[in-house]
Amino acid sequence: MSSCACHAQNAANAPSCLAHVPVFAQLREAEVELLHSVMRTSQYHKGETIFREGDLSDALFVVNRGIIKLTKLEDNGKEHIIRLLFPGDFFGQFALLQEKPHYASAIAADSTGVCRIHRSDFLDILRRDPDTAARFMTALSTQLEEADAWAAVLTLLEADRRLAKMLLYFHRKAAPDSQEFALPVSKKELAGLIGATPETLSRKLRQLSNDGVLTVSGRQLLLRDEAALRHLAGEA
């Protein structure tokens, strides 16, 4: 079971959860009210566990605020981040739909708000509303595409391109309308995420700074030349 000291609330904050998630964006008023009535919110402090790898799933989770780390334990017992989730992302859906244990642990990377819909309530909504079910399947497909792209970044590309793509991803997720954004994880965690040593990551960030692409101050970044970073990531 998860080791959570979170504070659970009623559905008062549920509308903001729904507003973040495209699959729920076009629900009719009756469906919105139904979801509000069955959705619950929980607040987690940094480092708290939402669920552990191997736990059975009984809910669909939606990130309302903050960032979630999906992690797996390596054979040596170390935690390895396999993905980061941002506001509007939902998770737990595969275990929920297939009645399988969670394939990873979900841990709050910072102060985080999570909404959840119990399995029976969620499946009832999908059965009653084919349009919502269709939008949910489309959203699942999009998440699978993102997961494939994430895997490709981590396994197929050179370290410079992995870093560039990850920084662009963070920027788009965390602050798409600003050139300033913060790393959602520590530099040590980012290094592990892209398969580099902390020393290699520091050297590559310095190089990006020297080249005028980024200004780096701790975990705060200023994107000075997005076109150059996109070119390095192979997106230009």
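# Strands, sheets and aromatic pairs

Tyr44 has Thr112 in E9 as its bridge partner. That pairing is a good place to enter this model, which is predicted. Six bridges in total join strand E2 (residues 39-44) to E9, and the two strands run antiparallel. Elsewhere along E2, Thr41 stands opposite Cys115 in E9. Five of the six residues of E2 are buried, so the rest of the structure largely encloses this strand.

Strand E9 covers residues 112-118. Five of its seven residues are buried, so the strand counts as mostly covered, buried meaning under 20% relative accessible area. E9 also pairs with strand E4 (residues 59-65). Six bridges join E4 to E9, again in an antiparallel run. Here the bridge partner of Ala59 is His118 in E9. Strands of a sheet pair through backbone hydrogen bonds, either parallel or antiparallel.

Now take one residue of E9. Val114 is found in this strand. With a relative accessibility of 1%, Val114 counts as buried because the cut-off for buried is under 20%. Which residues does Val114 touch, leaving aside those up to four places away in sequence? The list is Arg40, Thr41, Ser42, Tyr44, Ile50, Phe61, Val62, Asn64, Ile68 and Phe91. Thr41 and Tyr44 have already appeared, as residues with partners in E9. Val62 deserves a second look. Val114 and Val62 are 52 residues apart in sequence, yet their C-alpha atoms are 5.7 Å apart in space.

Two of the residues touched by Val114, Phe61 and Phe91, lead on to the aromatic rings. Phe51, Phe61 and Phe91 form one aromatic cluster. A pair of aromatic rings is described by the distance of the centres and the angle of the planes. Rings pair if their centres lie within 6.5 Å. By this rule the count comes to six aromatic pairs. Take Phe51 and Phe91: their ring centres are 5.8 Å apart and their planes are at 40 degrees, so the pair is tilted. This pair links distant parts of the chain. Phe51 sits in strand E3 (residues 49-51) and Phe91 in strand E7 (residues 90-91), 40 residues apart. Are these two residues buried or exposed? Both Phe51 and Phe91 are buried.

A second pair has another geometry. The rings of Phe86 and Tyr169 have centres 5.9 Å apart and planes at 80 degrees, so the pair is edge-to-face. Planes over 60 degrees apart fall in that class. This pair, too, links distant parts of the chain. Phe86 lies in the loop between strand E6 (79-85) and E7, while Tyr169 lies in helix H6 (residues 159-174), 83 residues apart. Phe86 has a relative accessible area of 2% and is buried. Tyr169 has a relative accessible area of 18% and is buried as well.

Helix H6 leads to another part of the structure. H6 lies across E10, E11 and E12, running at about 105 degrees to E10. What is the order of the strands in this open sheet of three? The order is E10-E12-E11, with antiparallel pairing. Strand E10 (180-182) and strand E11 (214-217) are the edge strands, and each pairs on one side only. On average, neighbouring strands of this sheet are turned by 20 degrees against each other, direction ignored. E11 and strand E12 (residues 220-223) run antiparallel and are joined by four bridges. One of the facing residues can be named: Ser217 has Gln220 in E12 as its bridge partner.

Finally, step back to the whole chain. Its secondary structure comes to nine helices and twelve strands. Of the 236 residues, 44% count as buried. Among contacts with a separation of 6 or more, 72% are between residues 24 or more positions apart. The accessible surface comes to about 12000 Å², and 52% of it belongs to carbon and sulfur atoms.

How far does the predictor's confidence reach? The chain averages a pLDDT of 82, and 82% of the residues score at least 70. Where in the chain is confidence lowest, and where is it highest? It is lowest in strand E1 (residues 7-9), at a mean of 48, and highest in E12, at 96.

Note on methods:
Residues are numbered from 1 along each chain as its sequence is written. This is a predicted model: local features need pLDDT of at least 70, side-chain atom pairs count only at pLDDT 80 or more; totals for chains, interfaces and linings use all residues. Side-chain values use heavy atoms; hydrogens and water are left out. Rings of Phe, Tyr and Trp (its six-membered ring) pair if their centres lie within 6.5 Å; planes under 30 degrees apart count as stacked, over 60 as edge-to-face and the rest as tilted. Buried means under 20% relative accessible area, exposed over 50%, partly exposed in between (1.4 Å probe, protein chains only). Two strands pair if DSSP finds at least two bridges between them. Axes are lines fitted to C-alpha atoms, for helices over the stretch in contact, and angles run from 0 to 180 degrees between N-to-C directions. Contact means heavy atoms within 4.5 Å. Accessible areas come from the Shrake-Rupley method with a 1.4 Å probe; for residues, only the protein chains shown count as cover. pLDDT is the predictor's confidence in each residue, from 0 to 100.
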